[in-house]
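Please find below a report on one protein–ligand model. It treats the ligand surroundings, then backbone features, then helix packing.

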Amino acid sequence: MAGITYEDFIDLSYEPADSDLVCAFRIAPAEGMDVADAASRVASESSNGTWAALPTGEGFTDMGATAFAIDDGEVAAGETTEIRVAYPAGLFEPGSMPQILSCIAGNILGMKAVDSIRLLDCEWPEGLATSFMGPQFGSDVREEIFGVSDRPILATVPKPKVGLSTERHAQVGYEAWTGGVDLLKDDENLTDQDFNPFHDRLVESLAQRDRAEDETGEPKSYLINVTAGTNEMLERVDQVAAEGCEYVMVDVITCGWAAVQAVRERCEELGLAIHAHRAMHAAFDRLPHHGVSMRVLAQIARLVGVDQLHTGTAGLGKLANEDTVGINAWLRDDLYGLSDVLPVASGGLHPGLVPDLLDATGTNVCVQAGGGIHGHPDGTHEGAKALRAAVEAYAEGISLESKADESPALATAIDKWGTETPR
Ligand code: CAP
Ligand code: MG
């Protein structure tokens, strides 16, 4: 009776089938383990093998993965190399992101055969990719919700990030919306606390939104954070739709992808866009040689179907960033007809950073500034005007300094923060 052993999981002559999911990993083989041994163990443990040789025969379907490419066959102790593994489509449950991740980002991240392993990139086959809903709107939100096509949409988070009363939160929203921001956004840890209960905040903020729309003649919207247990989150999504808002915000990593899939299905019924905050992503993507890259997290988010996703500031902001430009390009590339995702640049941004930021990201993005608006010497309303002026300057092709001649709010912001990245 044939058995399966580690040797069955590596074939450097294998050509992946179009239907295979191909994953790239960066691995550091453990001491005494050569690259091929480590690669075969990665392919085995992430598909249908284990440490012992196993019987097969009657009633067994081979769902084994194949390590088919190795960059460097020999690496010094502690060094890393890239490998690629092809997974047969039949290994996966279509439409189930948890099950796919239990394969390609499961036990292997802790296996002793490698000192470190990082899932770098996935090439999604059509059958698997289209088994997911994908985004409902994607970057069309700019046009469909705000009627904007030539500039980034602007968002702001009231700061301090938590602690403001419902009334104060909504008032900050009014000041920001009338100053020129398109989107008010809850912070990642503001959900339903005594000092600012969810439903009160929803109703109060939308009332201020309506005022701001009347005053400015511009569409405005609100990214209210529905993050909670899944059943409660669905309740909150329903409340958001009932109150006439266009978006929900979800902390997708802390909620988990199955919960995000449930929210996506409900948002399809209700016609709501999803803003994805990625708090906790750095637990996976910050260490260069271990975990799951932000590129893969972004791929998952697009398949599951968020419309907007934080992808960093191309190194300009306050938080360690990955390959913002490359990730944004992937989010826009064709993926079997699935909608794209609008990248969100956020974290330490202020008006002085806008030209360099948009040079890196282009204007089909959402730009979020919290401290960069509410920390303006003349307050939130002026801070919002300054950010809007900086973005308009870029669209008009003029320098910040020239724009500042007609925008005192921008001039004050540049005096205060210049064009430096805060730490
Ligand atoms: C930004 C922010 C966002 C970060 C998240 C914060 O505030 O609200 O959560 O941008 O990081 O809490 O830091 P500031 P990322 O604008 O005041 O910095 O976008 O990289 O996921
Ligand atoms: Mg935040």
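## Ligand surroundings and helix packing

Ligand 1 is surrounded by 17 residues, the closest being Arg278, His310, Lys318, Ser346 and Gly348; a residue is near a molecule or strand if one of its heavy atoms lies within 4 Å of it. The model is predicted, so local features need pLDDT of at least 70 and side-chain atom pairs count only at pLDDT 80 or more, while totals for chains, interfaces and linings use all residues. Residues are numbered from 1 along each chain as its sequence is written, chains are lettered from A and ligands numbered from 1 in the order in which they are written, and side-chain values use heavy atoms, with hydrogens and water left out.

Polar contacts of ligand 1 are tabulated below. A polar contact is a pair of N or O atoms within 3.5 Å; within protein, one must be able to donate a hydrogen and the other to accept it, and residues adjacent in sequence count only if both atoms are side-chain atoms.

| Side chain | Partner | Distance |
|---|---|---|
| Lys161, polar atom | ligand 1, oxygen atom | 2.8 Å |
| Asp187, N or O atom | ligand 1, oxygen atom | 3.0 Å |
| Glu188, N or O atom | ligand 1, oxygen atom | 2.9 Å |

Two backbone features follow. The peptide bond from Lys159 to Pro160 is cis, its omega being near 0°, and Pro160 is placed in the loop between β7 (153-156) and α5. Met280 is not a glycine, yet has a positive phi of about 90°; this residue is found in the loop between β11 (273-277) and α10 (282-285). Helices (H or I, at least four residues) and strands (E, at least two) are DSSP runs, numbered from the N terminus.

How do the helices pack? Helix α5 (residues 166-179) and helix α6 (residues 198-216) have axes 9 Å apart and an angle of about 25°. Axes are lines fitted to C-alpha atoms, for helices over the stretch in contact, and angles run from 0 to 180 degrees between N-to-C directions. α5 and α6 are therefore roughly parallel to each other; angles under 35 degrees count as roughly parallel, over 145 as roughly antiparallel, 65 to 115 as roughly perpendicular and the rest as oblique. By class, the contact of α5 with α6 comprises four nonpolar, seven polar and six charged residues. Here Ala, Val, Leu, Ile, Met, Phe, Trp, Tyr, Cys and Pro count as nonpolar, Asp, Glu, Lys and Arg as charged, and the others, Gly among them, as polar.

For helix α7 (residues 230-242) and helix α9 (residues 257-270), the axes come within 10 Å and cross at roughly 25°. That makes α7 roughly parallel to α9. Thr230, Met233, Leu234, Val237, Asp238 and Ala241 of α7 meet Ala259, Ala262, Val263, Arg266, Cys267 and Leu270 of α9, where contact means heavy atoms within 4.5 Å. This contact of α7 with α9 has nine nonpolar, one polar and two charged residues.

Helix α13 (residues 354-361) packs with helix α15 (residues 380-396) at an angle of about 50°, the axes being 9 Å apart. The two helices α13 and α15 are therefore oblique to each other. In α13, Val354, Pro355, Leu358 and Asp359 meet Leu387, Ala390, Val391 and Tyr394 in α15. The contact of α13 with α15 divides into seven nonpolar residues, no polar and one charged.
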